[in-house]
Amino acid sequence: MMDSISSKNILAVFLFLIIGNTLQSQSLNPLENPVYYSVSEALEAEQAKQLNLRDQHLFFVPNRLEQLKDLEFLNLMRNNISKWDEEIFQLKNLKILNLKLNSLTYISQKIKKLPELQILDLSSNNITVVPQEIKLLENLKQFHLSLNLLTSIPPEVGKCENLEVLELDNNQLSYLPQAVGNLKKLKLLHLGFNQFNELSENCMNLSSLIELNLEHNQLQLLPKELSNLQNLKSLFLNNNKLKQLPESLTELKNLEMLVISNNHLEQLPEHLEKMNHLKTIIALNNNFSKEEKLRIKKLLPNCKLYL
């Protein structure tokens, strides 16, 4: 079945479909408000709300940016910004701030001056620390920190109780603070490409979680409390060191996709037939016997299997 299709291609398709909704929420909305591409152009308009300065080779934010008092969307993606200019913190109505693909090494403590922020994208920088002041962003719904140099996350993140998306993949994390379990509205948690040896039980309290990505870590076991994640639809565990999966996995009645390729699994949980919403299992490069593969196919006749 898999002769002509690589696991990477399959994963790419699934990730595109899943992440699409997240990225869409960060895009401009020119139908709702005009989009301006320079500060001077925006200042000529009345109550400019959307400013797109991506790919403009900026080392600093432009002069007079702070005069755009009604600005809600600021895109500074893919520039050369390495420091937090004071002008940014005077934009009190800012809801979406995109500083992805810059040269930042830190998050300013003055981030607390942007209380209306709902989406903060700082992925693909060189950030090493998240300040405690992050807890004051009470309206934050999406926090993107992929591809940085983080070794820890402060417990204050758990105070961002409206957070729905937390992307921490491609860092140097080996644990999460207990307070992360307080994020009851969290729907998407990306922890792939880090250094986790185990998944702490505090993550098992995230009752709203729909997608959990733990690919490319060092996991050997999963907690039986995994069954607490009753809203989970997608679970990525590929490229770890798992030798078995807990039987409690079969209690995830809403799970639709399970990716467990490149582990050391010899069998899957006994009562797979209970997972009647499961649409796809990608489990390439494990140690399943022919008999086990037949058993899996028999228990999941309506599931696409890549074994």
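The protein exposes about 14,800 Å² of surface. Carbon and sulfur atoms supply 47% of that area. The model behind these values is predicted. Buried residues make up 50% of the 307 residues.

Next comes the fold. The protein has three helices and 13 strands. Contacts can also be sorted by distance along the chain. Among contacts with a separation of 6 or more, 29% join residues 24 or more positions apart.

Now turn to the charged side chains. The structure holds nine salt bridges. One of them pairs Arg54 with Asp55. Their closest N and O atoms are 2.8 Å apart. Arg54 is partly exposed, at a relative accessible area of 31%. Asp55 is partly exposed as well, at 35%.

Asp55 also meets the side chain of Arg78 in a salt bridge, with 3.2 Å from N to O. This pair links distant parts of the chain. Asp55 lies in the loop between β2 (50-52) and β3 (73-75). Arg78 lies in the loop between β3 and β4 (96-98). The two residues are 23 residues apart. Arg78 is partly exposed, with a relative accessible area of 38%.

A further salt bridge joins the side chains of Lys113 and Glu86, at 3.8 Å from N to O. This pair, too, links distant parts of the chain. Lys113 sits in the loop between β4 and β5 (119-121), and Glu86 sits in the loop between β3 and β4. They are 27 residues apart. Lys113 is partly exposed, with a relative accessible area of 32%. Glu86 is partly exposed too, at 31%. Return now to the earlier set: salt bridges that share partners join Arg54, Asp55 and Arg78 into one network.

Asp121 tells another story. This residue belongs to strand β5. Asp121 is buried, yet it has no salt bridge. Which side chain of opposite charge is nearest to Asp121? It is Lys100, 5.0 Å away. A salt bridge needs the nitrogen within 4 Å of the carboxyl oxygen, so Lys100 at 5.0 Å does not form one with Asp121. Asp121 does have a polar partner. Its side chain makes a polar contact with the side chain of Ser123, at 2.6 Å.

What of the cysteines? The count of disulfides comes to zero. The rule asks for a pair of cysteine sulfur atoms within 2.5 Å. Are Cys160 and Cys203 buried or exposed? Cys160 counts as buried, at 1% relative accessibility. Cys203 is buried as well, with a relative accessible area of 2%. Both values count as buried because they fall under the 20% cut-off.

The last stop is Ser207. This residue is found in the loop between β8 (188-190) and β9 (211-213). Ser207 is partly exposed, with a relative accessible area of 36%. That class follows because 36% lies between the cut-offs of 20% and 50%. Where does the chain bring Ser207 and Lys184 in space? Their C-alpha atoms are 6.2 Å apart, while the two residues are 23 residues apart in sequence. Leaving out residues up to four places away in sequence, Ser207 touches Lys184 and Asn231.

Methods: Residues numbered from 1 in each chain as written. Predicted model: local features only at pLDDT ≥ 70, side-chain atom pairs only at ≥ 80, totals over all residues. Heavy atoms only, no water. Helix = DSSP H or I, 4+ residues; strand = E, 2+ residues; numbered from the N terminus. Buried < 20%, exposed > 50% of the residue type's maximum accessible area, 1.4 Å probe, protein only. Contact = heavy atoms within 4.5 Å. Areas by Shrake-Rupley, 256 points an atom, 1.4 Å probe, with all protein chains shown as cover. Lys, Arg positive; Asp, Glu negative; His and termini not counted. Polar contact = N/O pair within 3.5 Å; in protein donor to acceptor, adjacent residues only side chain to side chain.
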